[in-house]
Amino acid sequence: MNSSNKNLQELSIFGGQPLFQEKLYVGRPNIGDRTRLLERINDMLDRRWFSNSGPFVQELEQCIADLLGVKHCIAMCNGTVALEIAIRAAELKGEVIVPSFTFVATAHALQWQEITPVFCDIDPQTHTINPWRVEAMITPRTTGIIGVHLWGQPCNVEALEEIAQKHNLKLMFDASHAFSCSYKGNMIGNFGDAEIFSFHATKFFNTFEGGAVVTNNDELANKIRLMKNFGFSGYDNVTYIGINGKMNEVSAAMGLTSLESIEEFTKINYSNYKHYQAEISDIPGITLFPFNESESCNYQYIVLEINEEETRISRNQLIKILHAENVIARRYFYPGCHRMEPYRSYFPHAGLLLPETEKLAERVLILPTGTAIEELDIIKICQILKFAITHSEEIQNRLSLNVLKTVLVNS
Ligand code: T4K
C-alpha cells in the first residue's frame, strides 16, 4: 500500500482486505534462545526444585543486582505483588502521591492496602510525575511518593529526592517499564528507597510473569525478603505478616535466558524506534515520544501523540482504522487511573487537578514493536497512518455516513 495510490474503499474499515493477515500486537513477548531455556527447564526437573528461592531464582537475583549495580534484588511472582510488598515493608500509610497516568496496578497496589493514592499531574514533555505539582499535593497524611518511569523514561529523580527529603517522605519508583534504563548514567534501580520492576510477558525483558524489588537499603531488603515468603525466617519462625510473592524456577529460567539476549532485544527495539522515527517525521500532527539516546534505554514502547487539530482525524478513529487492518494499537494509559473505579467514585473531581494527564490520555497511541515486528511492518503501519491523515476529510464523511446508516437501520 502507498498513501497516494490506495482508494478509500480498500481500507479494511470500509470493507477492504486487512493489510496484515495476522494481528500485530503491542506487547508481543520477546523470546531468547529456546534451546537454553529448555535445557534449564530440564535441569530444574532433574533437580526437583521448583520454587522457594531455588538456584535459578538466586542466580537471576545476583545477575540483576550485578547488571544494575544495586545491592539487593528480590525476585517476585509479578510486579504488582512486588509493589505491594515494597509499599508495606516501607511502612507507607495514609496518602501516597502517584501519577494518574500509569497502569492501574500502581494505584491498586496502594488502595489494596487501604492507602489513598493521591493523583498528581504529569510533565507533558516527559510523561512522568511533575515534581513541581507534587509539593502542592502534600498533606499531613502524606507518607510517600511513588514516581513511575513511564515508557522507560526516568522521572525527574533529583527533584523528587529533594522534595522527599525536605518533607521526610519515603520515595519509591515503579520502574516496571525501565529495566536496563539509566538516569544521568546510573542504572534505574538505584534511586529512592526502592524501585520495582515488572517482568511480565509483555515487557521487553520477561520471566513469563514476574517482577522484582531492588534496593540499596539492607534493612528494607531483609524485610521484603521475609515478607514475600509469609514472613518466615527459618523453618518455624515467622517474624512479619507476609504473603506468597515468590518467583518460581521456570520464570527464573526464562529470566536467565532472556538476560542472555537483552542486548539483542535492545538493538532490535532501537532499530524499530529509528524506523518509526524516519517514517513518522513527515506525518503532520503525529509526534513520536523521543528517548534520550545518550542514556541506556530499552526502547520498548513506541509512543505517538496525535494532535487532532492538525491530523483532522481523532486518535480513536485512527485506532479503529489500525485495528481493522489488524494492527492492534493501544491507548495506554487511557483514561488515567483517576477515571477508573474505585478512584472515579472516590475522587470525582480529581481531573480538575490533572489537566496534562487528561490531555495526554486523549492523544496517546502505542504501536507494536519488539522482536515480532519487522521493518516492512513498520513501513506499512506508517503508510496506513499517512493515508488516513491525507484522506481525513473523506474518512470522516464516510464514517459519519456509516453511523447514520446504522441509526436508520436500527430505528
Ligand atoms: N506498573 C506499571 C507501570 C505497569 O505497566 C505494570 C504492568 C505494572 C505496574 C504491574 O506489573 P505486573 O503485575 O503485570 O507484572 C499489560 C500487562 O498485563 C501488564 O503487565 C503491563 N503493565 C501493561 C502495560 O500491559 P494489558 O491489560 O494491556 O494486557 P493485555 O492482555 O491486553 O495484553 C497486552 C498485549 O500483549 C496484547 O496486545 C496481547 C499481547 N500479549 C500478551 C500476553 C500476555 C501477547 O502477545 N502474548 C502474551 O503472552 O496489560
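**Entry 1: crossing sense**

Before looking at H11 and H14 I wrote down the rule: a crossing is right-handed if the near helix is turned clockwise from the far one by less than a right angle, and left-handed if it is turned anticlockwise. I also noted that this is a predicted model.

I started with helix H11 (residues 315-324) and helix H14 (residues 375-390). H11 passes H14 in a right-handed crossing. Their axes come within 11 Å and cross at roughly 135 degrees, and H11 and H14 are therefore oblique to each other.

Which residues of H11 meet H14? I found Leu318, Ile321 and Leu322 on the H11 side. Facing them in H14 are Ile381, Ile384, Leu385 and Ala388. Sorted by class, this contact has seven nonpolar residues, with no polar and no charged ones.

**Entry 2: H1 and H8**

Next I went to helix H1 (residues 34-47) and helix H8 (residues 249-260). The two axes come within 9 Å, at a crossing angle of roughly 150 degrees. Angles over 145 degrees count as roughly antiparallel, and that is therefore how H1 and H8 run relative to each other. I put this crossing down as right-handed.

The contact list was next. H1 brings Arg36, Leu37, Arg40, Ile41, Met44 and Arg47. From H8 I listed Glu249, Val250, Ala253, Met254, Leu256, Thr257 and Glu260. How do the residues of this contact divide by class? I got seven nonpolar, one polar and five charged.

While in this part of the chain I checked what follows H1. Arg48 lies in the loop between H1 and helix H2 (55-68). Its phi is positive, about 55 degrees, although Arg48 is not a glycine.

**Entry 3: H3 and H7**

My last helix pair was helix H3 (residues 79-89) with helix H7 (residues 218-227). They pack at an angle of about 125 degrees, and their axes are 9 Å apart. That makes H3 oblique to H7. Here too I noted a right-handed crossing.

On the H3 side I have Ile85, Ala86, Arg88 and Ala89 making the contact. H7 answers with Leu220, Lys223, Ile224 and Met227. The class count for H3 with H7 is six nonpolar, no polar and two charged.

**Entry 4: the largest pocket**

Then I looked for open space. The largest pocket has a volume of about 400 Å³. I counted 24 residues in its lining, and Phe103, Ser198, His200, Thr202 and Lys203 are the ones nearest its centre.

Which elements give two or more residues to this lining? They are H3 and helix H4 (105-111). H3 provides the largest share, three residues. By class the pocket lining splits into nine nonpolar, twelve polar and three charged residues.

**Entry 5: the closed cavity**

How many cavities of 30 Å³ or more does a search of the whole structure find? I have one on my list. It holds about 120 Å³ of space.

The lining of this cavity is made up of 17 residues. Nearest its centre I noted Gly27, Arg28, Thr202, Gln300 and Thr369. The lining divides into eight nonpolar, seven polar and two charged residues.

I put a mark beside Thr202, since I had already written it down for the pocket: Thr202 is named among the residues nearest the centre of the largest pocket and also among those nearest the centre of the largest cavity.

**Entry 6: cis peptide bonds**

I finished with the backbone. Where does Phe333 lie? I placed Phe333 in the loop between strand E13 (327-328) and helix H12 (343-346). The peptide bond joining Tyr332 and Phe333 is cis, with omega about -5 degrees.

Further along I noted a cis bond between Glu341 and Pro342, where omega is about 5 degrees. Pro342 lies in the loop between E13 and H12. I filed the two bonds together, as Phe333 and Pro342 both sit between E13 and H12.

Conventions:
Residues numbered from 1 in each chain as written. Predicted model: local features only at pLDDT ≥ 70, side-chain atom pairs only at ≥ 80, totals over all residues. Heavy atoms only, no water. Axes fitted to C-alpha atoms, helices over the stretch in contact; angles between N-to-C directions. Helix = DSSP H or I, 4+ residues; strand = E, 2+ residues; numbered from the N terminus. Parallel < 35°, antiparallel > 145°, perpendicular 65-115°, else oblique. Contact = heavy atoms within 4.5 Å. Nonpolar A, V, L, I, M, F, W, Y, C, P; charged D, E, K, R; others polar. 1 Å grid on protein atoms, 1.4 Å probe; cavity = no way out; pocket = protein on both sides within 12 Å on 5 of 7 lines; lining within 4 Å. Points joined across faces, edges and corners; volume = space filled by probe spheres on them.
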